[in-house]
Amino acid sequence: MIRHVYLFKLKDPSRRREAAEKLLTLKERVPEIAHIEVGLDFKGAENSYDLCECVSFKNREDFLAFGENAYHAEIRAYMASVQEDGVKIDYEI
């Protein structure tokens, strides 16, 4: 199993819920996604990120297909337009 975790710091933190809803639409449009979870930061510390996306895939092939998916590209473009910073990790479970 592959896990993809991405933390987003948004230009405008008040758009967290909107961004989370967009990310959650990936499950409907990307069949390779086994599971997706999106969490919103509630603490608001200076070093906190605004939201976290955790996506699981059954295997590396599904993960690679996710990276090439046209709808995923649309969501990446949207997130790039609203994010100030982001960090990610992809790892095997």
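**Entry 1: contacts along the chain**

I began with contacts in this predicted model. I took the contacts in the protein chain with a separation of 6 or more. Residues 24 or more positions apart account for 73% of them.

Next I looked up the elements. The protein chain has 4 helices and 4 strands. Read from the N terminus, the order is β-α-α-β-β-α-α-β. I then checked how compact the chain is. Its radius of gyration is 13 Å, and the globule rule gives 12 Å for 93 residues. Those values are close, so the chain is as compact as a globular protein of that length.

I noted the spans too. Along its principal axes, the C-alpha trace covers about 35 × 25 × 15 Å. The accessible surface is about 5800 Å². Carbon and sulfur atoms hold 50% of that surface. Of the 93 residues, 34% are buried.

**Entry 2: strand β3 and its partners**

I turned to strand β3, residues 51-57. How many of its residues are buried? I found 5 of the 7, so β3 is largely enclosed by the rest of the structure.

Which strands pair with β3? Strand β1, residues 2-10, is joined to β3 by 7 bridges. The two run antiparallel. Strand β2, residues 33-40, also pairs with β3 over 7 bridges. That pairing is antiparallel as well.

I picked Ser56 in β3 for a closer look. Is Ser56 buried or exposed? Its relative accessibility is 4%, and buried means under 20%, so Ser56 counts as buried. In β1 and β2 I looked for the residues across from Ser56. Arg3 stands opposite Ser56. His35 stands opposite Ser56 too.

I then listed the contacts of Ser56, leaving aside neighbours within four places in sequence. They are Met1, Ile2, Arg3, Glu32, Ile33, Ala34 and His35. Both opposite residues, Arg3 and His35, appear in that list.

**Entry 3: the aromatic rings**

I searched for aromatic pairs and got 3 in the structure. Two numbers describe a pair of rings: the distance of the centres and the angle of the planes.

I started with Phe57 and Phe63. Their ring centres are 5.6 Å apart and their planes stand at 70°. An angle over 60 degrees counts as edge-to-face, so this pair is edge-to-face.

Then I took Phe57 and Phe66. Their centres are 4.9 Å apart, with 50° between the planes. This pair is tilted. Phe57, Phe63 and Phe66 form one aromatic cluster.

I checked burial as well. Phe57 has 0% relative accessibility, so it counts as buried. Phe66 is buried too.

**Entry 4: charges over rings**

I looked for charged side chains over rings. Which residue does the charged end of Lys22 sit over? I found the ring of Tyr78, with its centre 5.0 Å away. Arg29 lies over the face of Tyr71. The distance from Arg29 to that ring centre is 4.0 Å.

**Entry 5: Leu26 and His72**

I moved to helix α2, residues 26-29, where Leu26 is placed. Leu26 has a relative accessible area of 0%, so I wrote it down as buried.

What does Leu26 touch, apart from neighbours within four places in sequence? The contacts are Ile33, Ile36, Glu53, Phe66, Tyr71, His72 and Ile75. Two of those names were already in my notes: Phe66 is part of the aromatic cluster, and Tyr71 has Arg29 over its face.

I followed the contact to His72, found in helix α4, residues 70-82. His72 has a relative accessible area of 9%, so it is buried. Beyond neighbours within four places, His72 is in contact with Leu26, Phe66 and Gly67. Phe66 is therefore in contact with Leu26 and His72 alike.

I also compared Leu26 with Asp12. They are 14 residues apart along the chain. Their C-alpha atoms are separated by 22 Å.

**Entry 6: an exposed residue**

I ended with Glu68, placed in helix α3, residues 60-68. Is Glu68 buried or exposed? Its relative accessible area is 70%, and the mark for exposed is over 50%, so Glu68 is exposed.

I checked one distance from Glu68. Arg17 lies 51 residues away along the chain. The C-alpha atoms of Glu68 and Arg17 are separated by 26 Å.

Methods:
Residues are numbered from 1 along each chain as its sequence is written. This is a predicted model: local features need pLDDT of at least 70, side-chain atom pairs count only at pLDDT 80 or more; totals for chains, interfaces and linings use all residues. Side-chain values use heavy atoms; hydrogens and water are left out. Rings of Phe, Tyr and Trp (its six-membered ring) pair if their centres lie within 6.5 Å; planes under 30 degrees apart count as stacked, over 60 as edge-to-face and the rest as tilted. Buried means under 20% relative accessible area, exposed over 50%, partly exposed in between (1.4 Å probe, protein chains only). A charge sits over a ring if NZ of Lys or CZ of Arg is within 6 Å of the ring centre and within 35 degrees of the ring normal. Contact means heavy atoms within 4.5 Å. Two strands pair if DSSP finds at least two bridges between them. The radius of gyration is taken over C-alpha atoms; the globule rule is 2.2 Å times the number of residues to the power 0.38. Accessible areas come from the Shrake-Rupley method with a 1.4 Å probe; for residues, only the protein chains shown count as cover.
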